[in-house]
Amino acid sequence: SPAGMVLSVLVILLLSVLYEAVKMGKAVLLRRALLALPRSLSQEALTEPQEGDSGPAQGRQFQLSQPLVDGISHLLPRWFWFHVGQTLFHVVQVVLGYMVMLAVMSYNAWIFLGAIVGSTLGYFM
């Protein structure tokens, strides 16, 4: 029916816009992750000596990036959590990309145009 086709095109258009928004969100998160990295990627910059250690050859551990929150210590550095966020964004981006691709593979010109217009609008915004 014509109403179903219009709804399908709008859904694909919105999925394409969302795909582009997730792609941009991933880029913003990457920028923040790069800013969270220490200036030097040496072992000394990523870790901090334990109390009582006298030299660099002694054992090392990650410093706490945040204080205890609800009884759970965050032993991993801040950049690790940005990487987890990037991974989740990537999964969402791949799923959306495959959904739009499968819709386009229906070989319907209106669906194809909806995907193109949605990608254009998403990139423009």
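How many salt bridges does a search of the whole structure find? The search turns up 1 salt bridge, where the term means a side-chain nitrogen of Lys or Arg within 4 Å of a carboxyl oxygen of Asp or Glu. You're looking at a predicted model, so local features need pLDDT of at least 70 and side-chain atom pairs count only at pLDDT 80 or more, while totals for chains, interfaces and linings use all residues. Residues are numbered from 1 along each chain as its sequence is written, and side-chain values use heavy atoms, with hydrogens and water left out.

**The overall layout**

- The protein has 4 helices and 4 strands; these are DSSP runs numbered from the N terminus, with helices being H or I of at least four residues and strands being E of at least two.
- Going along the sequence, you meet them in the pattern α-α-β-β-β-β-α-α.
- Of the protein's 125 residues, 20% count as buried. Here, buried is under 20% relative accessible area, exposed is over 50%, and partly exposed is in between (1.4 Å probe, protein chains only).
- Take the contacts in the protein with a separation of 6 or more: residues 24 or more positions apart account for 64% of them. A contact means heavy atoms within 4.5 Å.

**Helix H1**

- H1 covers residues 2-36. It has 35 residues and reaches 51 Å from its first C-alpha to its last, close to the 51 Å expected at 1.5 Å a residue. That expected span is 1.5 Å times one less than the number of residues in the helix.
- UniProt, in an unreviewed entry, lists residues 6-22 as "transmembrane region". UniProt positions are given in the numbering used here, feature names are shortened, and annotations may be inferred rather than shown by experiment.
- In this model, residues 6-22 are 100% helix and 0% strand, and the end C-alpha atoms of the span lie 24 Å apart.
- The buried residues of H1 include Val9, Ile12, Leu13, Leu15 and Ser16, and further along Leu29, Ala33 and Ala36 are buried too.
- What covers the buried residues of H1 includes H3 and H4.

**The salt bridge**

- The partners are Glu20 and Lys23, whose side chains meet at 3.2 Å, N to O.
- Side chains of opposite charge can pair when their charged atoms come close.
- Both residues sit in helix H1, 3 residues apart, about one turn of the helix.
- How accessible is each partner? Glu20 is buried, with a relative accessible area of 7%, whereas Lys23 is partly exposed at 34%.

**Helix H3 and what it packs against**

- H3 runs over residues 78-104, and its 27 residues should span 39 Å at 1.5 Å a residue; the end C-alpha atoms are 39 Å apart, which agrees.
- Its buried residues are Phe82, Gly85, Gln86, Gln93, Leu96, Val100 and Ala103, and they pack against H1 and H4.
- Three of these buried residues are worth a visit, and their neighbour lists below leave out residues up to four places away in sequence.
- Gln86 counts as buried at 15% relative accessibility, and it touches Lys26, Leu29, Leu30 and Ala33.
- Gln93 counts as buried at 10%. It touches Tyr19, Val22, Lys23 and Lys26, so one of its neighbours, Lys23, is also a salt-bridge partner by the definition above.
- Leu96 is buried too, with a relative accessible area of 7%, and it touches Leu15, Leu18, Tyr19 and Val22. Leu96 and Leu15 are 81 residues apart along the chain, with their C-alpha atoms separated by 6.7 Å.

**H3, H4 and the loop between them**

- H3 and H4 pack at an angle of about 150 degrees, with their axes 8 Å apart. Axes are lines fitted to C-alpha atoms, for helices over the stretch in contact, and angles run from 0 to 180 degrees between N-to-C directions.
- That makes H3 roughly antiparallel to H4, since angles over 145 degrees count as roughly antiparallel (under 35 as roughly parallel, 65 to 115 as roughly perpendicular, the rest as oblique).
- At this meeting place, Val100, Ala103 and Val104 in H3 meet Ile111, Phe112 and Ala115 in H4.
- Tyr107 lies in the loop between the two helices, and it counts as exposed at 68% relative accessibility.
- Tyr107 has a positive phi of about 60 degrees, although it is not a glycine.
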